[in-house]
Amino acid sequence: MIVLEHDRLEFRFPEIHREASCSIEFQRTLRIPDDGREYPLPPGLGRFPLRHLDDHAEHLSAAWQRRGGVIGPMHQAEALWINFDSSYPFAVKVATGKVCAITGNAWTDHLNRDPQDYAALPEQPWLDGYCVEKGLVRQFVAMPLGAGYTVEEQLYGAAEHGGLQIVAYPMKRERYEALAARHASIAELAETYAMPQSPGMGLAPGGRMKQDIYADPHDFDAWDQRRCSRCFVTLVNSLQWLAITGEHPPTRPPSARTYAETGLPWFDHYAGDAEAVAGADRFKGVASVVQLAKQQGEAPLPENQSAEIASIVVVGQDGTRLVRESWGA
Amino acid sequence: MTQFGPAIRERRERLRRDDRRYSVRQVATRIGIEPAYLSKIERGEVAPPSEATTVRLAKELDQDPDVLLAMAGKVSGDLQEIIRKRPKLFAELIRQLKEAPDHAVLRVVREVRDGDW
């Protein structure tokens, strides 16, 4: 089951194991410059608000109501990253517009190992974008569905779904207990868009940043594919959000340059000698928002100036808490 | 004396073993209270702080705000508001569930509905 608590999606499988739960949240962040450079990981600036889609059904089209799930706001050209928190092992697939963020393949209702199309938790603490090369992602950036920028439009030619899709598969109970027994402690595992028929927001590839998507360290049959929970996260722009929920969305984050000039930290994750998966061939033909805008003679990204990084905090060494927070968080 | 103060102290000291930023002085500064006041709270010499301060403290110490509020003998304002809006319904629900085991309570928690996509 999935419950919504304090803007977090809590995936729970008490029928498998009392510890079989993980939480997933969407962090507001600054958009890194899309200038060809490789940046470290930007900070978390707090969670995006999420609401049950059913609570606002009267404002939504029948097609959106059929999705179920939750709804959240993003400004145009705003970025996000996904924060995973679990001590129990999970395989989590993440898609945008029903395109896998790790492989670029179309959505399937099962896990695939070759190429690996999921993040293995708890090894993977965060996911910031599309896996374009080994150790390199392109940031998730919100763009209006239908403008041609989103990954689903670039790869599959249709602005049909938008939003984010997530499915979590827990490890089988017996495999978890065997794993736990091998370790002394589990801890070691360690616009007038008020009309609902308007298309909403999708995610598109932004600037480049260093992030490994870790290869699954477990046997493929460790995952319980008979049991999973999935959620469609519908994304709407700030005006739609206000019209649908009556709430104001969070303010826009600062620009990357402004943030960098303050000297506040950027982040990297230390994971010892953990292997990373290769980048997806499918993403090789996908243009970033800035690249595509130039081709089309448009300028959809304000404040894209390069940033000089002064301070990088490496998280994950010496058992430190996996915290990526900075101002406003 | 409630368990609130000692629990806060134990949690903060545990975090301080790995990170010196969890001293009384630094934690108090980050949550906007005087260090001497936090010290008294931890020793149980004063009553637990306000709801807002307790919630900030919970966030700072990576604890569940509702659990800390309960230890302080309080119920969060948003929960009170929920009950005030539909008092009969929620009072009945809570009374019915008071002896239920955790797994049974979790079953009545509202699930995020999965649809057709």
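Q: Let's start at one end of strand 13 of chain A: which residue stands opposite A:Pro144 in strand 15?
A: In this predicted model, the residue facing A:Pro144 across the pairing is A:Met201, which belongs to strand 15 of chain A.

Q: And how many bridges join strand 13 to strand 15, and in what sense do they run?
A: Strand 13 of chain A and strand 15 of chain A, the latter spanning residues 201-210, run antiparallel and are joined by eight bridges.

Q: What about strand 12, how does that one pair with strand 13?
A: Strand 12 of chain A, residues 129-133, also pairs with strand 13 of chain A in the antiparallel sense, here over four bridges, and within that pairing A:Tyr130 has A:Arg138 as its bridge partner.

Q: What's in the turn between strand 12 and strand 13?
A: The two strands of chain A form a hairpin with two residues between them, and A:Gly135 in the turn has a positive phi of about 75 degrees.

Q: Where does strand 7 come in, and which residue does A:Leu80 stand opposite?
A: Strand 7 of chain A, residues 79-85, runs antiparallel to strand 13 of chain A and is joined to it by two bridges, with A:Leu80 standing opposite A:Phe140 of strand 13.

Q: Is strand 13 mostly covered or exposed, then?
A: Strand 13 of chain A, which comprises residues 136-144, is mostly covered, since eight of its nine residues are buried.

Q: Switching to chain B: what does the domain assignment give?
A: The assignment for chain B gives domain 1 at residues 4-71 and domain 2 at residues 77-108, and the C-alpha centres of these two domains of chain B lie 28 Å apart.

Q: How do helix 1 and helix 3 of chain B cross?
A: The axes of helix 1 of chain B (residues 4-18) and helix 3 of chain B (residues 35-43) come within 6 Å and cross at roughly 115 degrees, so the two helices of chain B are roughly perpendicular.

Q: Which residues make that contact?
A: Helix 1 of chain B contributes B:Gly5, B:Ile8 and B:Arg9, while helix 3 of chain B contributes B:Ile41, B:Glu42 and B:Arg43; by class, the contact has two nonpolar, one polar and three charged residues.

Q: Last topic, how many residues of each chain are in contact with the other?
A: On the chain A side there are 19 residues, in contact with twelve residues of chain B. Strand 1 (2-5), strand 2 (8-12), helix 1 (62-67) and strand 16 (229-236) of chain A each supply at least two residues of the side that touches chain B, and the residues of that side of chain A divide into nine nonpolar, five polar and five charged.

Technical notes. Residues numbered from 1 in each chain as written. Chains lettered and ligands numbered in written order. Predicted model: local features only at pLDDT ≥ 70, side-chain atom pairs only at ≥ 80, totals over all residues. Domains from an automatic or database assignment. Buried ≥ 20, exposed ≤ 12 C-beta atoms within 10 Å, placed from the backbone. Pairing = 2+ DSSP bridges. Axes fitted to C-alpha atoms, helices over the stretch in contact; angles between N-to-C directions. Parallel < 35°, antiparallel > 145°, perpendicular 65-115°, else oblique. Contact = placed C-beta atoms within 7 Å. Nonpolar A, V, L, I, M, F, W, Y, C, P; charged D, E, K, R; others polar.
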